[in-house]
Amino acid sequence: MTTKKSTGLKPLIQVDRQRGAPGSGADDLAETRIATVLGLKQFMQGPIRTLLIKGLAGTGKTTVALEILKAAGKGKGAYISSRVAKELLEKHIPAMKNTLQSQEFLDIRLEDATSALDFVMQLTEPKKIRTIVFDSWDGLAKELEQKERLRAEKTLMALANNSGAQLIFVSEEPGATTIDYLVDGILEMVTVEEQDRAVREFIIHKLRGTKIPQHKYLFTLLEGKFTFFGPYAIPDYSKVSKFIQKPDIDGSYSFGSGALDRLFGGIIPGSTLAIEYDENVPYPALRAIELPPIINFLSMGRSAILLPLPGANDERTNSILTKALDERIVGDRLRILNVVRTSDLETTNLLKNVTPNQIHEIVTRETTRLREKSKDQSVLLVKSVSALENLFASDLDSLLEVTSQEIITLAQSHDAHILFLPKDSPIRSRILSMSSSYAKLFVRDGTVLMYGVKPHTGIYALQHLEDPTSPSLTQLV
Amino acid sequence: MSVTSRAEDFATTFANAVHGGLDKVLGQSGAAAVLSHMKMANNLPDPAEFHKKLLALFGLQATVSLERAIVKDLVTRLRWALDLLNLEGDFDFSATMRRIERGVKR
């Protein structure tokens, strides 16, 4: 393959222009959407008759309300707008145009509370409408005195209770108002800053009679649709199927994962990618970054060396790899070198006195051996810094020296190098300064998030929606 | 006072009581919306028909609460003692209204 002089990953912007939103393949998104709708139905079943969706402007309240309206079924929902005309709303949220067109839309911008309540009566009395969205209720309610407002709200509750319709109130009032005490459920939509990136979160304050396994969830409005993320689910490795190789991308090695390739644009030969992770990131999430490049390297006729994370189960890794690839390929061109396993260090005496240099020598020897077997002499080295840090806690300078030498050697031979680095590593900043690319993984609200620091990328939720060995990345926007 | 003028007085008092009773529970906008929805904003509602319409909108429990509020308002306007009427237990709006109307006309 052709090689490039520069190191580092391809800039994200290129991917953006060519393929649309990175990491948001249509299939990935479709799967997430199904989960979302199911999730919303779950929220809205049973005793939840009235729901308040609150939050500041631009936090996604209307989109969520429209998703719930959509779940009501065609012709069984009504949208009462006191803020925006239908045509404008369709322009603001084009993904919901069909929903708006298939449901009743009442424009009450110039109506008073009496007319609005009359509209609700007209909708609820025939008992055909299942969901009514009031966007926004406080736009009208602010014109009423406190006591009058409370009574009007009680009227709405009584109408909803009798008709069986679900009443969704959208509100921009951040504090608790009278309606907070009356409704069965309260969702608050917020936008928080996470590592200089905006992340959307919804908080379930109340959901009467419904088990709430988690109070906060992250969500995205990618493509104008509401998609929320449940806590990270460990993939079912029994469903690993034979891997279909992913060819090089314009002279770069593929990550072996469409989502990672879309995010980073492939691995430029000779580059070092550092993956920083915090202590809450589950190992299978790291494995989703660790294994696809290894599998693809082997599948492409190349070789790979893995120095696994502490606590990694080599048998499990082997079992996954041999499901994805021919057993002979794995046995022939992959070396798993466990630095805490004495047999891997060739002599039982070595472990007590082993030095970073000795480990480096073993890695160099293995690299040379495997290079011979690689179709184009290139080798992928995937290495856990944490495992080495633990082993050489009293001699971190030597470890850094050896790592630096390795980075230079691998760059010269156009190999690929991926380092897994814990967030609290004492040598973190020095490793990062030597790396050509740098991505971070962390957990928020149970969801594993990933973003590129170098190059700068958006922030993505990591899930396993298709292949258990590979990540599905959905951008948080 | 003649029987006719007593009947007219009762009709006005009853209409006012309907507004007053509904206001107290539903608020002014709620009451106005209910009466407008029932097309009874300006007409004296027939208690039986009124009951049926309330029932369709609010269901039994809320309807009984609203009707009790109307009866209480009416009795207050007539300066009657509330304990003359049975507002607890099996409450029948139409029957109660008939009793009050008969009492006014006597």
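Over all chains, 24 salt bridges turn up in this structure, which is a predicted model. None of them crosses between the chains: the interface of chain B and chain A has zero salt bridges. The predictor gives the complex an ipTM of 0.87 and a pTM of 0.81.

**Salt bridges in chain A**

- Arg444(A) and Glu194(A) join through their side chains, with N to O at 2.8 Å. Arg444(A) sits in strand E15 (residues 437-444) and Glu194(A) in strand E6 (residues 185-194), so this bridge ties together parts 250 residues apart in sequence. Glu194(A) has a relative accessible area of 13% and is buried.
- Glu276(A) pairs with Arg428(A), and their closest N and O atoms are 2.7 Å apart. The bridge runs from strand E10 (residues 272-277), home of Glu276(A), to helix H18 (residues 428-434), home of Arg428(A), so it ties together parts 152 residues apart in sequence.
- The two partners differ in burial. Glu276(A) is buried, at a relative accessible area of 2%. Arg428(A) is partly exposed, at 24%.
- Helix H18 of chain A also holds Arg430(A), which links to Asp397(A) in helix H17 (residues 396-412), 33 residues apart. Their side chains meet in a salt bridge, 3.7 Å from N to O.
- Asp397(A) is exposed, because its relative accessible area is 52% and the cut-off is over 50%. Arg430(A) is partly exposed at 48%.
- A network of salt bridges links Lys61(A), Arg83(A), Asp135(A) and Glu172(A).

**Helix H3 of chain A and the loop before it**

- Lys61(A), a member of that network, is one of the buried residues of H3(A). Others include Thr62(A), Val64(A), Glu67(A) and Leu69(A).
- H3(A) is mostly covered, with nine of its eleven residues buried.
- Gly73(A) follows H3(A) and has a positive phi, near 105°.
- Thr59(A) lies in the loop between strand E1 (50-55) and helix H3 (61-71) of chain A. Thr59(A) counts as buried, at 4% relative accessibility.
- Leaving out residues up to four places away in sequence, Thr59(A) touches Met189(A), Val190(A), Thr191(A), Arg200(A) and Phe219(A).

**Aromatic rings**

- The count comes to 15 aromatic pairs over all chains.
- Tyr79(A) and Phe105(A) are stacked, because their planes stand at 15° with the ring centres 5.4 Å apart. Tyr79(A) belongs to strand E2 (residues 77-81) and Phe105(A) to strand E3 (residues 104-107), so the pair ties together parts 26 residues apart in sequence. Both Tyr79(A) and Phe105(A) are buried.
- Trp137(A) and Phe169(A) are edge-to-face, because their planes stand at 65°, with centres 6.2 Å apart. Trp137(A) is in helix H7 (residues 137-141) and Phe169(A) in strand E5 (residues 166-171), so parts 32 residues apart in sequence are tied together.
- Trp137(A) is buried at 2% relative accessibility. Phe169(A) is buried at 1%.
- Phe219(A), a contact of Thr59(A), belongs to a cluster built from ring pairs with Phe202(A), Tyr217(A), Phe226(A) and Phe228(A).
- Arg302(A) lies over the face of Phe297(A), 5.5 Å from the ring centre.

**Chain B and the interface**

- Chain B has three helices and zero strands. Of its 106 residues, 42% count as buried.
- Among contacts in chain B with a separation of 6 or more, 53% come from residues 24 or more positions apart.
- The contact involves 19 residues from chain B and 16 residues from chain A.
- About 1,400 Å² is buried between the two chains, 56% of it on carbon and sulfur atoms. On the chain B side, Ser29(B), His37(B) and Leu57(B) lose the most area, together 37% of what that side buries.

**Confidence**

- Chain A has a mean pLDDT of 85, and 87% of its residues reach 70 or more. Over residues 1-35 of chain A the pLDDT is below 50, yet this stretch has 92 contacts in the model beyond near neighbours in sequence.
- Chain B has a mean pLDDT of 83, with 82% of its residues at 70 or more. Within chain B, helix H2 (residues 47-78) has the highest confidence, at a mean of 92, and helix H3 (residues 93-105) the lowest, at 83.

How values were computed
Residues are numbered from 1 along each chain as its sequence is written. Chains are lettered from A and ligands numbered from 1 in the order in which they are written. This is a predicted model: local features need pLDDT of at least 70, side-chain atom pairs count only at pLDDT 80 or more; totals for chains, interfaces and linings use all residues. Side-chain values use heavy atoms; hydrogens and water are left out. Rings of Phe, Tyr and Trp (its six-membered ring) pair if their centres lie within 6.5 Å; planes under 30 degrees apart count as stacked, over 60 as edge-to-face and the rest as tilted. Helices (H or I, at least four residues) and strands (E, at least two) are DSSP runs, numbered from the N terminus. Buried means under 20% relative accessible area, exposed over 50%, partly exposed in between (1.4 Å probe, protein chains only). A charge sits over a ring if NZ of Lys or CZ of Arg is within 6 Å of the ring centre and within 35 degrees of the ring normal. pLDDT is the predictor's confidence in each residue, from 0 to 100. Contact means heavy atoms within 4.5 Å. Buried area is the accessible area (1.4 Å probe) that two parts lose on being put together, summed over both. A salt bridge is a side-chain nitrogen of Lys or Arg within 4 Å of a carboxyl oxygen of Asp or Glu.
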